[in-house]
Each structure stands twice: as C-alpha cells, then as structure tokens.
Amino acid sequence: MGRNDLDGKVVLIAGGAKNLGGLLSREFAAQGAKVAIHYNSDKTKADAEKTLADIENAGGKAFLFQADLTEVKNITKFFDATIEKFGGIDIAINTVGKVLKKPFTETTESDYDSMSDINAKVAYFFIQEAGKKLNDNGKINTIVTSLLAAFTGYYSTYAGAKAPVEHFTRAASKEFGSRGISVTAVAPGPMDTPFFYGQESDDAVAYHRQASDLGGLTDIKDIASLVKFLVTDGWWITGQTIFANGGYTTR
C-alpha cells in the first residue's frame, strides 16, 4: 500500500478529533481515505464536529463516534460501526493518551488506575480488536511517548503506563504478521499542543524547547507524516517503536 493507494481505504482513528488525531483525520481524508473519527467526551464534541465539517466540505467521507474506550465494549462497537459504515477497515491508529506530571509519593490509587486504563488498557484492546477486524495487509499504529527513553521523574504513571505498548506492538507484529498486518508505535517528543501545556510550568516548557537537538517542541505535522509513512510505504517496518523528537532523547 503506497502513498497513492489511500484512495478508498478506510482509516479508523481513536482520538481523531483534535491535535495530532485531528490532523491525521484531515490528511487521510484529503488523500481519498474514508475516516472513522473517535472522540471521548462532550468537551471534545465541538472539535470533532469541526474536523468532520472540514473533511466533508472538502469532499471527503468521515463519521464521528463518541465513547469512553476504557470500556472495552466501546472499542468493539467503534470497530463494528466503522465496518458497518464503510465495509471494512484497512488502517487503525490510536492516539489516545493522558498525561500526569506528579511526584511518585503523591500519586493516588485513582491516579494510577486512570493512567493505566487510558494509556495501557485502551492500547492493548485497541490492538486486539484491530487484529480481529482489520482487512488482510492492514496497518496498526499507536502513539506513545519519548519519555520511554528518558531518565526522569514526575512522569512515573504516564511513561510507565505507555511502556507496555512497546511489547504489545512487538507481540502483535508476530501474531498478525502472517496476514500481512504491520504493527508500529511512534514516540513523539513534547508536542506543541494543548495536550502538552496543561501540566507544565513556564520553566519546564522552556527546558523542553531547548532540549531537542533540532530546536523547539515537536510539530504535529512531523509526527503525522511519519505515521502516514508507517501505514503506507513504510509497512515493512513492524514490531518497532520509532522515536521522533528532533534529538530530544533516544536509546
């Protein structure tokens, strides 16, 4: 599946309403794909409707699906609704995540449970459902974080809950490979979106801006282009987590 083969393909995006997910939804639709756009709550409804309107006004095809994906039955419903609407699924991308910056000794049980559910549980069952429902030669991609390669404090639950996705990716690539399905993860550096700024002080923002070798925060356009490559021409890359952060950190 090359770049020009997206016409008529079906792309399912969890967290596809805004920020990176919204950009991916628009760009896949602009290349002729039909897009299933998930969003979590009423807080994101306006962003989701704007993304849908932008796609439809440009002549694209998409639909919205609202649900809390920490309830696994809703992941199943999202995939099934997409198949009912568009006849199948070729590409499944999960951008869902939640950040918490908090000292280890102040983290509560409810903090841990929420972070684990959103960052690890959703990722696991999203990949599972994709393995069941994707067309042969499909593509699966999950957004994780470059903190997986960082030696730092305060993000124990965020990085800790994203870390298992690396192994989910490797295991799924082994199990789904016989059907031609590639499975990857992308680990961005701190992205210049509201998702990043909510928990950071001005000093921390300044540090993150200068920490990348190429300068500045990660631009979602650079991550979107990488994700699109991995689920098209880059399909031969599978079972891997790609760190894309301008030299912010690596392993």
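Reader: Which residue, with a positive phi, follows H2?
Author: This is a predicted model, in which local features need pLDDT of at least 70 and side-chain atom pairs count only at pLDDT 80 or more, while totals for chains, interfaces and linings use all residues. Residues are numbered from 1 along each chain as its sequence is written, and side-chain values use heavy atoms, with hydrogens and water left out. Helices (H or I, at least four residues) and strands (E, at least two) are DSSP runs numbered from the N terminus. With a phi near 90°, the residue that follows H2 is Gly59.

Reader: How far apart are the end C-alpha atoms of helix H2?
Author: The expected span of a helix is 1.5 Å times one less than its number of residues. H2 has 13 residues (45–57), so it should span 18 Å, and this agrees with the distance between its end C-alpha atoms, 18 Å.

Reader: Which residues of H2 are buried?
Author: Buried means under 20% relative accessible area, exposed over 50% and partly exposed in between (1.4 Å probe, protein chains only). The face of H2 turned away from its buried side carries the exposed residues Ala46 and Asn57. The buried residues of H2 are Ala48, Thr51, Leu52 and Ile55.

Reader: What arc do they cover around the axis of H2?
Author: An α-helix has 3.6 residues a turn, so residues three or four places apart point the same way. The arc is that of the directions from the helix axis to the C-beta atoms. The buried residues lie on the same side of H2 because their arc is only 95°.

Reader: Which elements do the buried residues of H2 pack against?
Author: Contact here means heavy atoms within 4.5 Å. The buried residues of H2 pack against helix H1 (19–30), strand E2 (34–39) and strand E3 (61–66).

Reader: Which element gives the most residues to the largest nonpolar core?
Author: A nonpolar core is a set of buried Ala, Val, Leu, Ile, Met, Phe, Trp, Tyr and Cys residues joined through side-chain atoms within 4.5 Å. The largest has 39 residues, and Leu12 and Phe176 are among those with the most contacts inside it. Elements giving two or more residues to this core include strand E1 (10–14), helix H3 (72–86) and helix H4 (109–133). With six residues, the element that gives the most is H4.

Reader: What is the radius of gyration of the protein?
Author: The protein has nine helices and seven strands. The radius of gyration is taken over C-alpha atoms, and the globule rule is 2.2 Å times the number of residues to the power 0.38. For 251 residues the rule gives 18 Å, so the protein is as compact as a globular protein of that length, with a close value of 17 Å.
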